[in-house]
Amino acid sequence: MLVLGVESSCDETSVAIFDGKNILSNVVLSQIDVHKQFGGVVPEVASRHHVRNVSIVFKEALERANVKATDIDLVAVTEGPGLIGSLLVGITAAKTFAMAYHKPIIGLNHLAGHIYANQIEGEMKFPLLALLVSGGNTELIIMKDHFDFEIIGETLDDAVGEAYDKVARVCGLPYPGGPAVDRLAKEGTPRYDLPRVMKYTDDYNFSFSGLKSSVINLVHNNEQRHEETNFNDLCASFQEAVVDTLTYKTKKAALAYGVKQVIIAGGVSANKGLRERLFEVFKDTDITVSVPPFKYCTDNAAMIACAGYYHYQKYHKTRELDINGLADMEL
Ligand code: KG4
């Protein structure tokens with residue numbers, strides 16, 4: 001079964017082809033360089049670039065996979081959540097392709113896509129606990145089966161990726177901030193004392209806005225006192241506080257729910273500090289840890305094609321051409 005996945009929820013235009021076992025192609029056209037000058041994604045600019053690129057990306061994905069449009073069995077497209085203008089470009093292209101070649105289509109949740117990045121080269125083992133960490137979400141999710149999501153905890157304010165991006169900005173680092181902070185953290189020592197907000201609360205929720213503000217205040221206070229800030233050490237301290245809190249609560253939840261496996265998903269799952277610590281904290285348990293390959297951590301259509309394949313295997317249901325973009329969409 002050949003699934004063609006389409007992803008355009010933010011600033012990556014991507015089309016991929018999955019045959020149920022392997023990714024035959026995964027073309028990702030990133031707009032990072034376009035948005036860098038603005039310090040973040042400008043939605044209208046993102047939509048226009050998707051329009052410009054989407055046909056090229058479709059063509060390239062089919063060519064690289066060496067398959068014809070008529071060979072495709074199912075079209076899977078990101079339906080939400082995301083930037084509405086960006087979503088609509090991918091959805092319109094996917095529906096046009098499905099209509100022109102008489103192919104069935106399904107709509108998928110972008111966050112489910114991130115989770116299924118773990119199924120591309122690995123095997124999810126249920127029940128599992130997913131730590132979803134992206135620019136817009138920070139959630140702990142229990143999965144007892146494919147497409148069975150129970151959110152047991154989430155951030156009460158900033159998503160962890162958002163906190164990374166704001167900290168990067170105050171440190172003078174370019175957009176997207178997460179990878180830059182991760183890089184500096186590796187060079188520094190976590191010697192600044194930063195709070196572990198909500199680490200020891202009884203629930204599985206998180207809060208990152210206080211930590212982010214502490215970093216911003218520290219930099220501003222040092223500036224006012226004409227004292228130097230060591231940004232490597234500050235990034236290391238921030239990353240340590242984030243990773244410590246995330247892994248502590250993830251382990252607590254994994255043990256309480258008796259899961260077999262812990263997975264991470266979303267853009268921040270590319271964070272080297274988080275990946276290393278996660279393996280470390282579960283070393284003394286029977287719980288296995290799975291992290292997605294780096295190339296499938298940030299937005300891409302391979303994860304959508306893979307999620308589409310498993311969705312169809314479970315439900316055998318397709319949708320009509322009235323699929324629309326959903327800026328907000330629950331898992
Ligand atoms: O999942 P994603 O690609 O987009 C959505 O939010 O849907 O995640 C993007 C977020 C950004 O905030 C980015 O700074 C962060 O993921 N990110 C990282 C790393 N790579 C990307 N954060 C920390 N460390 C990284 N290595």
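**Figure 1. The whole chain of a predicted model.** Helices and strands here are runs assigned by DSSP, with at least four residues for a helix and at least two for a strand, and they are numbered from the N terminus. Keep in mind that this is a predicted model. Counted in this way, the protein chain has ten helices and ten strands. Its radius of gyration is 20 Å, close to the 20 Å that the globule rule gives for 331 residues, so the chain is as compact as a globular protein of that length. Along its principal axes, the C-alpha trace spans about 65 × 45 × 30 Å.

**Figure 2. Cover and contacts across the chain.** Let us now look at what is covered. Of the 331 residues in the protein chain, 56% count as buried. The chain exposes about 14300 Å², and carbon and sulfur atoms supply 49% of that area. Now take the contacts between residues at least 6 apart in sequence: 74% of them join residues at least 24 apart.

**Figure 3. Strand β4 and its two partners.** Find strand β4 at residues 74-80. How many of its seven residues are buried? Seven of the seven are, so to speak, under cover: the strand is mostly covered. Strand β1, residues 3-7, pairs with β4 in the parallel sense over four bridges. Strand β5, residues 105-109, also pairs with β4 in the parallel sense, over five bridges. A good place to start is V75 in β4, which stands opposite L4. In β5, the bridge partner of V75 is I105. While you follow a strand, remember a general point: in a regular strand the side chains alternate between the two faces of the sheet.

**Figure 4. From strand to helix to strand.** Follow the chain from β4 into helix α3, which covers residues 84-100, and on to β5. What do these three elements make together? They form a β-α-β unit, and the unit is right-handed.

**Figure 5. A close look at I84.** This residue, I84, lies in helix α3. Is I84 buried, exposed or partly exposed? Its relative accessible area is 41%, and a value between 20% and 50% counts as partly exposed, so I84 is partly exposed. Leaving aside neighbours within four places in sequence, I84 is in contact with G325, L326 and A327. For another pair to find in the model, try I84 and V215: they are 131 residues apart in sequence and 32 Å apart in space, C-alpha to C-alpha.

Technical notes
Residues numbered from 1 in each chain as written. Predicted model: local features only at pLDDT ≥ 70, side-chain atom pairs only at ≥ 80, totals over all residues. Heavy atoms only, no water. Buried < 20%, exposed > 50% of the residue type's maximum accessible area, 1.4 Å probe, protein only. Pairing = 2+ DSSP bridges. Right-handed = clockwise from strand over helix to strand, strands pointing away. Rg over C-alpha atoms; globule rule 2.2 N^0.38 Å. Contact = heavy atoms within 4.5 Å. Areas by Shrake-Rupley, 256 points an atom, 1.4 Å probe, with all protein chains shown as cover.
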